[in-house]
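User: Could you take a close look at one part of this model for me, and then walk me outwards from there into the rest of the fold? I work at the bench, so plain wording is welcome.

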Amino acid sequence: MKPGFADPVFGAQAIFRALMEAMARPGRIHTCDVLPDCPAELAPAAAAALLALADSETPVWTDAGDEARQWIAFHTGATLVHNPAQAQFLLVTGAMPPLSLLDAGTDEAPQDSATLIVQVSALADGQGWRLTGPGIEHEHRLDAPGLPADFLPQWATNRAIFPRGVDLMLAHGHALAALPRTTRIEEPG
Amino acid sequence: MSVLARAPGEALEARIAAGPPLPAHRIIRGPEIGLTMLRGRAGGDGAAFNLGEATLTRCSVSLDDGTLGHCWRLGRDRRAAELAAILDAALQRPDLRAGLLGAVVEPLAAEQAAAAALTARRAAATEVRFATLATMR
């Protein structure tokens, strides 16, 4: 079993601040190095985000292996569910479940929707997708390979059901970027 | 484990210092202090109610071979929680178990049993037998 945050209070605060900044400025990459040692399968930024956000009242779904599952269950106290639709937080290390399956909240309580943390194979800004929407003055470029081929149509459907919809966090190593449900994504070119 | 969780910090430290060396460990969580809600039942079968909160210290450690040890104990003694967690892990190792049981756990258990017996004797000395009083009249 690997340890959690080196300093539980300041570690959780630092990653929470990074997540808040990332959600407020969609697509901007933030780095947060607060988890010196986590299961090898997990990106440190994704694992730290889950430690800061999940607790015993938020069901978590993950496709990671046993070591990572035990680590998440021990350090967050969250229930690990098998059905992605029941989860409040999802940590994706491999294939992303379809966004339409996930809990999108209700029109009365859109804040109850699921948050998806996806580990991508790279994160780079200044190239790739064109992002526009709240929190972006003109446009922002973000490149995040490793998402499914039909991600953009799925994301367009997710945007169309606003105010419902899931929020996405992308993590690679210590870097993370967020795509809240309001962000419009277009292919480059 | 209940012996280790009840043992006073100084007694635990003294027994460990006198006993065989503890294996190297790394901290997984804590030692951290929190509160736990104590629940009670009137008469043992009434509805459960919240009696109050008590401080609790918990700690989890892992040995080099991955053996995990946990300790949750009442009070705020971080050092004692860490030592008890290390002992919990070390006692799972067949090569260390016998030595640590003899040097640390058994003496502490004997001390606690003696203290409990003393309290029980003191309480027994003040016992009033109502049946006896009735026959004394």
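Analyst: Let's start with strand 3 (residues 89–92) of chain A, which is covered on both faces in this predicted model. F89(A) and L91(A) lie on one side, L90(A) and V92(A) on the other, and all of them are buried. On one flank, strand 3 of chain A pairs with strand 2 of chain A in the parallel sense, over three bridges. Within that pairing, V60(A) has F89(A) as its bridge partner.

Both strands belong to an open sheet of six strands in chain A, ordered 1-8-7-4-3-2, with mixed pairing. Strand 1 (30–31) and strand 2 (60–62) of chain A are the edges, each with a single partner strand, so one side of each is left without a neighbour in the sheet. As background, strands of a sheet pair through backbone hydrogen bonds, either parallel or antiparallel.

At the other edge, strand 1 of chain A pairs with strand 8 (residues 175–179) of chain A in the antiparallel sense, through two bridges. Here H30(A) has L176(A) in strand 8 of chain A as its bridge partner. Helix 1 (residues 8–24) of chain A lies across this part of the sheet, over strand 1, strand 7 (167–172) and strand 8 of chain A. Helix 1 runs at about 45° to strand 8 of chain A.

Now for what packs around your strand. L50(A) touches both F89(A) and L91(A), and its other contacts are V60(A), I72(A), T76(A) and I117(A), leaving aside residues up to four places away in sequence. L50(A) is also one of the residues with the most contacts inside the largest nonpolar core, together with A49(A), I117(A), L170(A) and L176(A). That core has 59 residues, and helix 2 (residues 44–53) of chain A supplies the largest share, nine residues. A second, separate core has 18 residues, including I28(B), C59(B), V61(B) and V104(B). In general, nonpolar side chains tend to be buried together in soluble globular proteins.

That second core takes us to chain B, where three strands form an open sheet in the order 1-2-3, with antiparallel pairing. Its edge strands are strand 1 (25–41) and strand 3 (68–74) of chain B, each paired on one side only. Neighbouring strands in this sheet are turned by 20° against each other on average, ignoring direction.

Strand 1 and strand 2 of chain B run antiparallel and are joined by 14 bridges. R41(B) stands opposite A48(B) in strand 2 of chain B. The hairpin of these two strands has six residues between them, and G43(B) takes a positive phi near 70° there.

Strand 2 (residues 48–63) and strand 3 of chain B pair antiparallel over seven bridges. Along this pair, V61(B) stands opposite G69(B), and L56(B) stands opposite L74(B). Four residues separate the two strands in their hairpin, where G66(B) in the turn has a positive phi of about 95°.

For a contrast with your starting strand, look at the faces of strand 3 of chain B. Its covered face holds G69(B), C71(B) and R73(B), whereas L68(B), H70(B), W72(B) and L74(B) make up an uncovered one.

Chain B also has a helix pair worth a look. The axes of helix 2 (residues 9–18) and helix 4 (residues 94–125) of chain B come within 9 Å and cross at roughly 140°, in a right-handed crossing. Helix 2 of chain B contributes A11(B), R15(B), I16(B) and A18(B) to the contact, and helix 4 of chain B contributes A103(B), V104(B), P107(B), L108(B) and E111(B). By class, the residues of this contact divide into seven nonpolar, two charged and no polar. V104(B) is also among the residues of the second core.

Finally, the two chains meet in a contact with six residues from chain B and four from chain A. Strand 1 of chain B gives the most to the side of chain B that touches chain A, with four residues. That side of chain B has three nonpolar, one polar and two charged residues.

Notes:
Residues are numbered from 1 along each chain as its sequence is written. Chains are lettered from A and ligands numbered from 1 in the order in which they are written. This is a predicted model: local features need pLDDT of at least 70, side-chain atom pairs count only at pLDDT 80 or more; totals for chains, interfaces and linings use all residues. Axes are lines fitted to C-alpha atoms, for helices over the stretch in contact, and angles run from 0 to 180 degrees between N-to-C directions. A crossing is left-handed if the near helix is turned anticlockwise from the far one by less than a right angle, and right-handed if clockwise. Two residues are in contact if their C-beta atoms, placed from the backbone, lie within 7 Å. Ala, Val, Leu, Ile, Met, Phe, Trp, Tyr, Cys and Pro count as nonpolar, Asp, Glu, Lys and Arg as charged, and the others, Gly among them, as polar. Two strands pair if DSSP finds at least two bridges between them. A nonpolar core is a set of buried Ala, Val, Leu, Ile, Met, Phe, Trp, Tyr and Cys residues joined through C-beta atoms within 7 Å. A residue is buried if 20 or more other C-beta atoms lie within 10 Å of its own, exposed if 12 or fewer, and partly exposed in between; C-beta atoms are placed from the backbone.
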